[in-house]
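Visitor: I'd like a close look at a single part of this model, please. Pick one buried polar spot, walk me round it, and then show me how it fits with the rest.

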Amino acid sequence: MNNIHSTDERTLGEQIRLVIEQLPANTVSLGEILELVGREGMLLLVAFLTLVFMVPVSIPGVSTIFGAAILLIGISRIFGRTLWLPKRFKERALPADKLRNALEKGLVWIPRLEKVSRPHRMAWLTQGRMMNIINDGALILGAVLLMAPFGFIPFSNTVPGIALLFLAVGLIQRDGAAVLLGHLANVASIVYFGVLIGGGGMMIQNMLQNQA
């Protein structure tokens, strides 16, 4: 396997497509994906892992495993440490055919984002220690939202996935506008989940009142 680095001269879309093409035939683990991407390309890995949530495909366990990986990437970036993944997440076998299909469908979003993304636009949102902490914290928040147990609810993985994709592309391109959209998408995820929880609570309350 050849690993791909974020410093590669290929476009982001080309780098991700190359990783997809090198996925094993039957099953694939997070560790194998990390080997393909390369440990230096953590933001590239975030973009790669979020693509599967851009399409309505259900692959059991993916949101937990990929969300945990992104969470640890955010933590690693904040503390300037090498990415560490628990063995049970790193070696968990996933169906490569379903994953490849979802990734290829989600990949169409990368060229679209690259067309509208402008390197060094609103660069102050991607520079400095404080902004780095805020942006890496947003990666952690997006990962937590992605792992929330709402997988059966439409768009519950898609909205946090969009937030993470904007953040990853924005940080790779040093595009502050894309990063800002990522923060806003995180807020939208929180609002959406709040509505789901509030609506579910009201339904339960009404059912209890009707049974009383």
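Guide: First, a word on the labels: helices are DSSP runs of at least four residues, strands are runs of at least two, and both are numbered from the N terminus. Keep in mind too that this is a predicted model.

The spot I'd pick is Asp175, which sits in the loop between H9 and H10. Is Asp175 buried or exposed? Buried means under 20% relative accessible area. Asp175 comes out at 0%, so it counts as buried.

Now look at what the side chain of Asp175 meets. A polar atom of that side chain lies 3.0 Å from the backbone nitrogen of Arg118. On the H10 side, the backbone nitrogen of Ala177 is 3.1 Å from a polar atom of the Asp175 side chain. Then there's a charged partner: Arg121 forms a salt bridge with Asp175, and the closest N and O atoms are 2.7 Å apart. That pair ties together distant parts of the chain, with Arg121 in the loop between helix H7 (109-116) and H8, Asp175 in the loop between H9 and H10, and their positions 54 residues apart in sequence. In general, side chains of opposite charge can pair when their charged atoms come close.

The two partners are not covered alike. Arg121 has 31% relative accessibility, so it counts as partly exposed, whereas Asp175 is buried at 0%. If you set aside neighbours within four places in sequence, Asp175 is in contact with Ser117, Arg118, His120, Arg121, Thr126 and Gly170.

How many salt bridges turn up in the whole structure? The search finds two. Besides the Arg121 and Asp175 pair, the side chains of Asp136 and Arg77 meet in one, also at 2.7 Å, N to O. That bridge spans the chain as well: Asp136 is in helix H8 and Arg77 in helix H4, 59 residues apart. Here again the acid is buried, since Asp136 has 3% relative accessibility, while Arg77, at 26%, is partly exposed.

Step from the loop into H10 itself, which covers residues 176-211. Leu180 belongs to this helix, and at 36% relative accessibility Leu180 counts as partly exposed. Together with Met122, Trp124, Leu181 and Leu184, Leu180 forms a nonpolar patch on the surface, with about 500 Å² of accessible area in total. Further along, Asn186 is also in helix H10, but at 3% relative accessibility Asn186 counts as buried. A polar atom of the Asn186 side chain lies 3.1 Å from the backbone oxygen of Ala138. Leaving out neighbours within four places in sequence, Asn186 is in contact with Ala138, Leu141, Gly142, Leu145, Ala163 and Leu167.

Next, the nonpolar interior. In soluble globular proteins, nonpolar side chains tend to be buried together. Here the largest nonpolar core has 57 residues, and Ile16, Ile33, Val52 and Phe66 touch the most other members. Apart from residues up to four places away in sequence, Val52 touches Ile59, Val62, Phe66, Leu99, Ala102 and Leu103.

Leu99 shows up again beside Val28, which lies in strand E1 (residues 27-28). Val28 counts as buried at 1% relative accessibility. The C-alpha atoms of Val28 and Leu99 are 8.7 Å apart, with 71 residues separating them along the chain. The contacts of Val28 beyond four places in sequence include Ile33, Ala96 and Leu99.

For an enclosed element, try helix H3 (residues 42-50): nine of its nine residues are buried, so the helix is largely enclosed by the rest of the structure. Those covering its buried residues include helices H1, H2, H4, H6, H8 and H9.

Zooming out, the chain holds ten helices and two strands, and 48% of its 212 residues count as buried. The accessible surface comes to about 10900 Å², with 62% of it belonging to carbon and sulfur atoms. Finally, among contacts between residues at least 6 apart in sequence, 75% join residues at least 24 apart. The bridge from Arg121 to Asp175, 54 residues apart, is a nice one to keep on screen while you look around.

How values were computed: Residues numbered from 1 in each chain as written. Predicted model: local features only at pLDDT ≥ 70, side-chain atom pairs only at ≥ 80, totals over all residues. Heavy atoms only, no water. Patch = residues over 30% accessible without salt bridge, like charges linked within 9 Å, V, L, I, M, F, W, Y side chains within 5 Å. Areas by Shrake-Rupley, 256 points an atom, 1.4 Å probe, with all protein chains shown as cover. Salt bridge = Lys/Arg side-chain N within 4 Å of Asp/Glu carboxyl O. Buried < 20%, exposed > 50% of the residue type's maximum accessible area, 1.4 Å probe, protein only. Contact = heavy atoms within 4.5 Å. Polar contact = N/O pair within 3.5 Å; in protein donor to acceptor, adjacent residues only side chain to side chain. Core = buried A, V, L, I, M, F, W, Y, C linked by side-chain atoms within 4.5 Å.
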